[in-house]
Each structure stands twice: as structure tokens, then as C-alpha cells.
Amino acid sequence: MTTTSTAAYWEPLWAGGRRYRQLDGSETQLMAEHLGPGPGRGRPALDLGCGDGTLARHLHHELGYRTTGIDISPSAVALAAAHHEGPVPGPVWLCGDITTSDLTALPEPAYAVITCRLVYRWMDDKAAFLNRVRHLLVPGGTFWVVTEIAGRREDIDPLHGLGISRAEAEILTAGWSAAQAADLDVLRCYALRP
């Protein structure tokens, strides 16, 4: 059986042209408010499940982080890398499984910001995933998670059950020194700090 956290699940979707919710101004504004004062100042950022690279490019070019994007789908990584714009070097793109890959293969040993947009829901072992993230986050850093909350859509919407449960949200927010949340339509955005 193929689980949703494997390349065997995601690669055919990306290769077949499937695209996901676009990053918009409301979401980027909310993220900027929660990432702390000032721009990235060249500090390292890691975008988990980067998909087409929109968020990684925003962190890199707009907020000034030195960004790495990683995704389990080779087609998603290729799509992200193909969108290079301008004379300034863009993010580093890696194909790998953040839940099983050797973390020492990442370009940085730790990151000031780690983002996880529309990915947490798909992690099979959420506690193990969060432990790996904590290992990669610098003291004082921020883990930014954007996820859908189950039940926020109309009952007739075919995506009604998509999203995390209350128990999965509790797993996500447990064990951090600070956990802030803000709602954005069917999404909830979390700023988590060690």
C-alpha cells in the first residue's frame, strides 16, 4: 500500500501537472508578522515540501533568507528550479524525504526558519517528523506551519475532511516554548519556537 508521505504518491501528481493552493498576500503578511523583526539577513531557512518553490523563493528573494527547498517529488523540485528569476542566485533545491533522508546532507546544520506549508497533514508519524524539525531549528528560531483544519469546509465540499484533527494539532503544538496560531480561512498558521 502506498502512503501519502512517499514519493510514489506525490511524484505522479506533480509529474501529471497537479498544482496546489497558491501563496497569497494575506498569507505572506501573516508569515512576516510571525517570523520576527527585520528581514532574514542572510540567515538560513528551510522549506519542507517546497513543491513548485513559491514559498522558498519568497523567503529567499523577498525576506532575505538563504533558503533551501526540499521536496520528495523530483518533478516538483525540477519545477521549482526552472523558475529561477534574475541575476541573484536563488534557493538551493534538493530532492529528498525529510522524514528519512540523512539530515547531514542538508547545506546547513541548523536553520533560523523552517517552513512547512500544507505538508504536516500528510506526515504519517507526526511526532517523529517534529523531532527531526526540532533537531534542525536553531535556538530562538521559528517553525512556521500552515495547515488546513479538518471540518472548516462546507459539508458538501469534497475536501471537507481534509486537514488535521484537534489531536494532530495538539501533537504539533506540544513541547514548544512558544506557540502562536492565527487563522486564515480554512487554514491555521502556527509560529512555533523551541
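1. Let's start with the surface. This is a predicted model, and in it the protein chain exposes about 9300 Å². Carbon and sulfur atoms supply 56% of that exposed area.

2. Now for what is hidden. Of the 194 residues in the protein chain, 44% are buried.

3. What about charges? The protein chain carries 17 positive side chains and 22 negative ones. If you take the centre of each set, the two centres lie 4 Å apart.

4. On overall size, the C-alpha trace spans about 45 × 40 × 35 Å along its principal axes. You can also check the radius of gyration: a compact globule with 194 residues would come out near 16 Å, and the protein chain has 16 Å, so the two agree.

5. Next, have a look at the elements. You should find six helices and seven strands in the protein chain. Starting at the N terminus, their order is α-α-β-α-β-α-β-β-α-β-α-β-β.

6. How do distant parts of the sequence meet? Take the contacts between residues at least 6 apart in sequence: 68% of these join residues at least 24 apart.

7. Finally, pick out one residue, T67. You'll find T67 in strand 2, which covers residues 66-71. Is T67 buried or exposed? Its relative accessibility is 2%, and buried means under 20%, so T67 counts as buried. Leaving aside residues up to four places away in sequence, T67 touches A45, A56, L59, H60, P91 and V92. Try clicking on T67 in the structure and finding these partners, including H60 and P91.

Conventions:
Residues are numbered from 1 along each chain as its sequence is written. This is a predicted model: local features need pLDDT of at least 70, side-chain atom pairs count only at pLDDT 80 or more; totals for chains, interfaces and linings use all residues. Side-chain values use heavy atoms; hydrogens and water are left out. Helices (H or I, at least four residues) and strands (E, at least two) are DSSP runs, numbered from the N terminus. The radius of gyration is taken over C-alpha atoms; the globule rule is 2.2 Å times the number of residues to the power 0.38. Buried means under 20% relative accessible area, exposed over 50%, partly exposed in between (1.4 Å probe, protein chains only). Contact means heavy atoms within 4.5 Å. Accessible areas come from the Shrake-Rupley method with a 1.4 Å probe; for residues, only the protein chains shown count as cover. Lys and Arg count as positive and Asp and Glu as negative; His and the chain ends are not counted. The place of a charge is taken as NZ of Lys, CZ of Arg, CG of Asp or CD of Glu.
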